[in-house]
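Please work through the following exercises with the sequence and the structure at hand. Each task is followed by a solution in steps.

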Amino acid sequence: MNPPKKNLLITSHNGIETIVFYELKPGEQIKVVYKFIARHKNNILIPWLTLLNMERFTKSKTMVFPREIIVGHNTNQQVAELCERISTGKNVLIVADKKTKKLSGDEIHKVLKKASYTVKDKIVSSPTVGEVNRVIKYAHKNEVDLLLGVGGGSVIDVTKLAAYELKRPFVSIPTSAAHDGIASPRASLKHSKGSISKTAVSPLAVLADTKIITKAPYRMLASGCADAISNISAVMDWELAHRLKGEEFSTHGAVLAKTAAEMLIDNVEDIRPDSEESVWLAVKAMIVSGVAMSVAGNTRPASGSEHMFSHMLDHLGLGIMLKGKRHKKPLHGEQCGVGAIMMVYLHGGDWEKIRDTLKKIGAPTTSEELGISKKKIIEALVKAHEIRPERYTILGETGLTHDAAKKLAKITDVI
Ligand SMILES: [Zn+2]
C-alpha cells in the first residue's frame with residue numbers, strides 16, 4: 001500500500017508547535033520516534049520526528065571472495081587437502097596449457113591421483129570463447145565437480161569463465177604472476193580486435209606455489225607488479241568519476257586497491273629476479289587487487305585510463321618496433337605501468353614515484369623499453385577514451401588532442 005502523497009505533521013518542542021509539511025513518494029517510509037520530555041509544562045508527550053529512508057532502499061550487492069588463499073614454497077603438495085576442504089566431489093579437471101602442464105599441472109595431477117581423485121586434463125591454447133566452450137563441453141562430458149586452472153593469466157581466465165558457466169567451483173593455481181587476474185572476478189578474452197573483459201566469479205581458492213612461480217621469466221613478475229602499481233591511477237580516475245559524475249564509489253574497494261600498489265612501492269627494494277620473496281610480495285598484491293574488484297563489484301579499483309591506454313595499444317596492434325630493444329610483444333602490465341606514469345601526471349599526482357618504482361622493479365617506463373613506436377604511443381593516448389566511453393576518467397569524454405598527448409608523453413619521458 002502506498003502512503004498518502006501529502007502529509008502534515010505537527011511537532012512540539014519546548015511548547016513551540018512546529019508544523020512540518022512534507023511529501024512522500026510511494027515506497028518511502030517514516031519512522032516516528034517518541035521521546036518524553038517530562039518538564040514540559042503541560043506534561044504532554046512530545047513526538048520527535050525522525051524521517052528515515054526517504055529514498056526507497058533498493059541496493060543489493062553480492063561479493064564473492066576466495067575462501068582459501070595458500071601462498072608459499074611447495075604448496076602444490078597441499079592441493080588434495082585443499083580440494084577436500086572446498087568440494088565434496090572427487091572428479092577434478094585440470095586446465096592448463098602445454099607449458100604449464102609440465103611446469104605444475106603434472107605435479108598437481110600426481111598429488112590428486114595419490115589422494116584417490118579422478119583427474120582429467122584439458123589443454124587450452126588461447127583465451128578465446130572457443131576454448132572456454134571446449135572446456136565446458138569436456139567438463140560436462142566427464143561430470144567434473146571442481147576445476148583447477150593451472151597456468152598464467154590466459155589459462156586462469158579460460159577456467160574462470162568455464163567454471164562460471166558450469167556453476168562449479170574453481171581453484172586458481174598460477175604459474176606466473178603477470179597480472180592481477182589470479183584472484184579477480186573478471187576475465188578477459190581475446191577476439192579479433194583486441195580483448196574484452198567479462199564477468200565471471202572469483203576463484204574459491206588460490207594456491208600459489210612460489211617455487212613454481214619463481215621459475216617463470218622475471219619479466220612476467222615485473223609486469224604483474226606494474227599492473228598492481230597502476231591501481232594508483234585507476235583509483236584516481238574512480239575518485240574523479242565519483243566527484244564529477246556521481247559514480248558509485250566504494251571506499252573499501254579503493255583502499256584495498258591502493259594498498260596493493262603501496263605494498264609493492266614500499267617494498268620495491270625486495271623485488272628482484274630469482275627470489276621467492278619477490279613472488280610472495282607480488283602474489284599478495286595481486287590477490288588484494290582481486291579482492292578490491294570483488295568488493296567494488298567491478299574493475300574500477302584496478303582499471304582506469306592507464307588500462308584504456310593499454311587496451312588501445314592492443315587494439316592498434318601494429319606499432320611494435322622491430323629495431324627496439326625488445327622484440328617480444330609488450331605485456332599487459334608493462335603497458336599499464338607506462339600508462340599509469342602518464343595518467344598520474346595528468347591527475348597532478350606523484351608520477352615520478354611511479355616511474356622510479358617501475359624502474360627499480362625493472363618494468364618498462366619508456367616507449368623504447370616497451371618496444372612500441374612513439375607514434376603509436378601518441379595515437380593510443382589520443383584514442384584511449386574510446387575504449388570504454390561509459391567509464392569516466394582523467395581523459396574526459398573527448399580525450400586528449402594530438403598535441404596534448406605528445407606533450408604528456410614527452411614531459412613524462414615516455415617518448
Ligand atoms: Zn590489468
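Ala, Val, Leu, Ile, Met, Phe, Trp, Tyr, Cys and Pro are counted as nonpolar; Asp, Glu, Lys and Arg are counted as charged; the others, Gly among them, are counted as polar. The model studied here is predicted.

**Exercise 1. Describe the second largest pocket and the classes of its lining residues.**

Solution.
Step 1. The volume of the second largest pocket is about 190 Å³.
Step 2. Its lining consists of 13 residues, and T62, P185, T199, A200 and G297 are those nearest the centre.
Step 3. Sorted by class, the lining of this pocket holds six nonpolar, six polar and one charged residues.

**Exercise 2. Determine how many cavities of 30 Å³ or more are counted, and describe the lining of the largest cavity.**

Solution.
Step 1. The count gives one cavity of 30 Å³ or more.
Step 2. The largest cavity encloses about 50 Å³ of space.
Step 3. Among the residues lining the largest cavity are G151, G152, G153, I156 and P174. Further along the sequence, the lining includes H179, G181 and I182.
Step 4. By class, this lining has five nonpolar, six polar and no charged residues.

**Exercise 3. State the strand order of the open sheet of six strands, and identify its edge strands.**

Solution.
Step 1. Strands of a sheet are paired through backbone hydrogen bonds, in a parallel or an antiparallel manner.
Step 2. In the open sheet of six strands, the pairing is parallel and the order is β5-β12-β9-β8-β6-β7.
Step 3. Strands β5 (68-72) and β7 (118-123) each pair on one side only, and they are the edge strands.
Step 4. From one strand to the next, the twist averages 15 degrees.
Step 5. As an example of pairing, β6 (residues 91-96) and β8 (residues 146-151) run parallel and are joined by five bridges. V95 has G149 in β8 as its bridge partner.

**Exercise 4. Establish which strands helices α3 and α4 lie across.**

Solution.
Step 1. Helix α3 (residues 129-141) lies across β6, β7 and β8, and its direction is at about 160 degrees to β7.
Step 2. Helix α4 (residues 153-166) lies across β6, β8 and β9 (170-174), and its direction is at about 165 degrees to β8.

**Exercise 5. Decide whether S303 counts as buried or exposed.**

Solution.
Step 1. S303 is located in the loop between α9 (276-296) and α10 (305-316).
Step 2. A residue is called buried under 20% relative accessible area.
Step 3. S303 has 12% relative accessibility and therefore counts as buried.
Step 4. Leaving aside residues up to four places away in sequence, S303 touches A234 and R391.

Conventions: Residues are numbered from 1 along each chain as its sequence is written. This is a predicted model: local features need pLDDT of at least 70, side-chain atom pairs count only at pLDDT 80 or more; totals for chains, interfaces and linings use all residues. Side-chain values use heavy atoms; hydrogens and water are left out. On a 1 Å grid over the protein atoms alone, a cavity is a set of points where a 1.4 Å probe fits but cannot get out, and a pocket is an open set with protein on both sides within 12 Å along at least five of seven lines; lining residues have an atom within 4 Å of a point. Grid points are joined across faces, edges and corners, and a volume is the space filled by probe spheres set on the points. Two strands pair if DSSP finds at least two bridges between them. Helices (H or I, at least four residues) and strands (E, at least two) are DSSP runs, numbered from the N terminus. Axes are lines fitted to C-alpha atoms, for helices over the stretch in contact, and angles run from 0 to 180 degrees between N-to-C directions. Contact means heavy atoms within 4.5 Å. Buried means under 20% relative accessible area, exposed over 50%, partly exposed in between (1.4 Å probe, protein chains only).
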